[in-house]
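Here are my notes on the model you asked me to look over, set out as numbered points. Please keep the structure open beside them and find each residue as it comes up.

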Amino acid sequence: MGTDIHAPLGQDRKARPQPAGPSRFSVGNVVFALAVAGLLGFSGWTALAPSGLITTPLPVPAKETANSSQTADTKADQKVAVAGERVPRTSGLSGARVEETLTDDGNVVRTYKPGGRTGSGPLIIEASGVGQDSRTAAFPNEDLLEDTSDGKIPVIGLDGTRPMDQYARPWSGARGTRIAIVVGGLGLSQTGTQRAIKELPGEVTLAFAASGNSLPRWMQEARRDGHEILLQVPFEPFDYPENDPGPHTLRTDLSEAKNLAELHRAMAKTTNYTGIVNFMGGRFLSDADALEPVMRDVASRGLLFLDDGSSAQSLSGTIAGAVEASHAFADLQLDADLSRESVLKKLDELERIARRNGTAIGIASAFDESVDAIREWCEEAGGRGIEIVGVASLADIPAKQ
């Protein structure tokens, strides 16, 4: 029999008894020797290649047509292999021609036509619309980004893929008690952010403050460790400006255009998030005229909106139903009383809510006491039949009115 080629690389293989006397050659021995030599030669060539990677030629961009119709070729086929990958990755729309027509009533009609793929060489076609391969979770899907003057912001892909689906943390799908825990305020403190990312289990959702520092770097670390992430956007509280959430706060006295501009500036700070969560915002969340355009924009970009539950007068749920936005509402603030024992008691209360309703969402800040308590509680929750899930799996999509 030949060597076991299915054993993982680096794993010891079971020793085989050696024949006594002179070595004997067989067809199997010769084939195996040639295969090893070929692999060694291939590996050596790869190591000496200038980029350290085997790449395929970049496809030639398609020329723009007179009617400015978009093609999936120009968006999907021009992807360059990210570091550590051998071949380019593309979406299922690769090769298709997608034409968009704006109707008189403001709707967009998309027409899909078959076409040939440009370029040459192999491609990895990603067909999954929910979640990302852990090896590429730190890299954004370029099909879900729109170039603006502020930077790249989320958008629904031509194939209908939403960022909240693409970047969601997959869950088991089993019927049972599910809890989402969101820890916010990341990006404001380097040591606190690093500690939260490394010590909290990957099932915990992390929310990055739009005013934080080095967000792309922290996002990549969080995604590599399996975390689903949200973007924390400042909203106007009732006692503003005495209580100021920070720069680029969305306010009730600003115009719709100004608030959307501030929202988009925040959105451009990083990528790979499934949705928006408010930071403060009692006054803004209770003002339908100010909140409705923001909720509508968030929904149109395929993002969820998480209300942190801090305002009893919030209209986010009502408006989410009107604009058909994916929406979730936090059931408990876990660390209003900042001590390990208090946070653990709140987590037990959150478990009781989840067992009664089937699901529950808790939210906390990245304080040391909160991180320690959440880590400890999560380590034991699985033994009680609780599944910790990303918040996107608990967001609901209201039916059309």
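1. I would begin at Met295, which has its place in helix H8, and I would keep in mind throughout that this is a predicted model. Is Met295 buried or exposed? Its relative accessible area is 1%, and because buried means under 20% relative accessible area, Met295 counts as buried.

2. It helps to ask next which residues Met295 is in contact with, once its neighbours within four places in sequence are left aside. They are Phe305, Ser316, Ile319, Ala320, Val323, Ala325 and His327. As a distance to check on the screen, the C-alpha atoms of Met295 and Gly317 are separated by 10.0 Å, while the two residues lie 22 residues apart along the chain.

3. Several of those partners belong to helix H9, so the pair of helices deserves a careful look, and a cut-off is needed to name their arrangement. The axes of H8 (residues 288-300) and H9 (residues 316-323) come within 9 Å and cross at roughly 50 degrees. That angle makes H8 oblique to H9, because it falls outside the ranges under 35 degrees, 65 to 115 and over 145. H8 passes H9 in a right-handed crossing.

4. On the H8 side the contact is made by Ala288, Leu291, Glu292, Met295, Arg296 and Ala299, and on the H9 side by Ser316, Ile319, Ala320 and Val323. By character, the residues of this contact divide into seven nonpolar, one polar and two charged. When reading such lists, remember that an α-helix has 3.6 residues a turn, so residues three or four places apart point the same way.

5. Which residues of H9 are buried? They are Ser316, Ile319, Ala320, Gly321 and Val323, and what covers the buried residues of H9 includes H8, helix H7 (282-285), strand S11 (304-307) and strand S12 (326-329). Just after H9, Glu324 takes a positive phi of about 60 degrees.

6. Some backbone details elsewhere should be checked by eye. The peptide bond from Tyr240 to Pro241 is cis, with omega near 5 degrees, and Pro241 is found in the loop between strand S9 (229-235) and helix H6 (256-267). Asn272, in the loop between H6 and strand S10 (275-280), has a phi near 70 degrees, a positive value in a residue other than glycine, and at 1% relative accessibility Asn272 counts as buried. Met280, whose place is in strand S10, is not a glycine either, yet has a positive phi of about 60 degrees.

7. The nonpolar interior can be read from its members. The largest nonpolar core has 59 residues, of which Ile181, Leu206, Phe208, Ile276, Ile374 and Trp377 touch the most other members. Apart from that core lies another, of 18 residues, among them Leu230, Val277, Leu394 and Ala395. Not counting residues up to four places away in sequence, Leu206 touches Val183, Leu186, Ile197, Leu200, Ala222, His227, Glu228, Ile229 and Leu230.

8. Finally, for the protein as a whole, there are eleven helices and 15 strands, and of the 401 residues 42% count as buried. Among the contacts with a separation of 6 or more, residues 24 or more positions apart account for 67%.

Key:
Residues are numbered from 1 along each chain as its sequence is written. This is a predicted model: local features need pLDDT of at least 70, side-chain atom pairs count only at pLDDT 80 or more; totals for chains, interfaces and linings use all residues. Side-chain values use heavy atoms; hydrogens and water are left out. A nonpolar core is a set of buried Ala, Val, Leu, Ile, Met, Phe, Trp, Tyr and Cys residues joined through side-chain atoms within 4.5 Å. Buried means under 20% relative accessible area, exposed over 50%, partly exposed in between (1.4 Å probe, protein chains only). Contact means heavy atoms within 4.5 Å. Axes are lines fitted to C-alpha atoms, for helices over the stretch in contact, and angles run from 0 to 180 degrees between N-to-C directions. Helices (H or I, at least four residues) and strands (E, at least two) are DSSP runs, numbered from the N terminus. A crossing is left-handed if the near helix is turned anticlockwise from the far one by less than a right angle, and right-handed if clockwise. Ala, Val, Leu, Ile, Met, Phe, Trp, Tyr, Cys and Pro count as nonpolar, Asp, Glu, Lys and Arg as charged, and the others, Gly among them, as polar.
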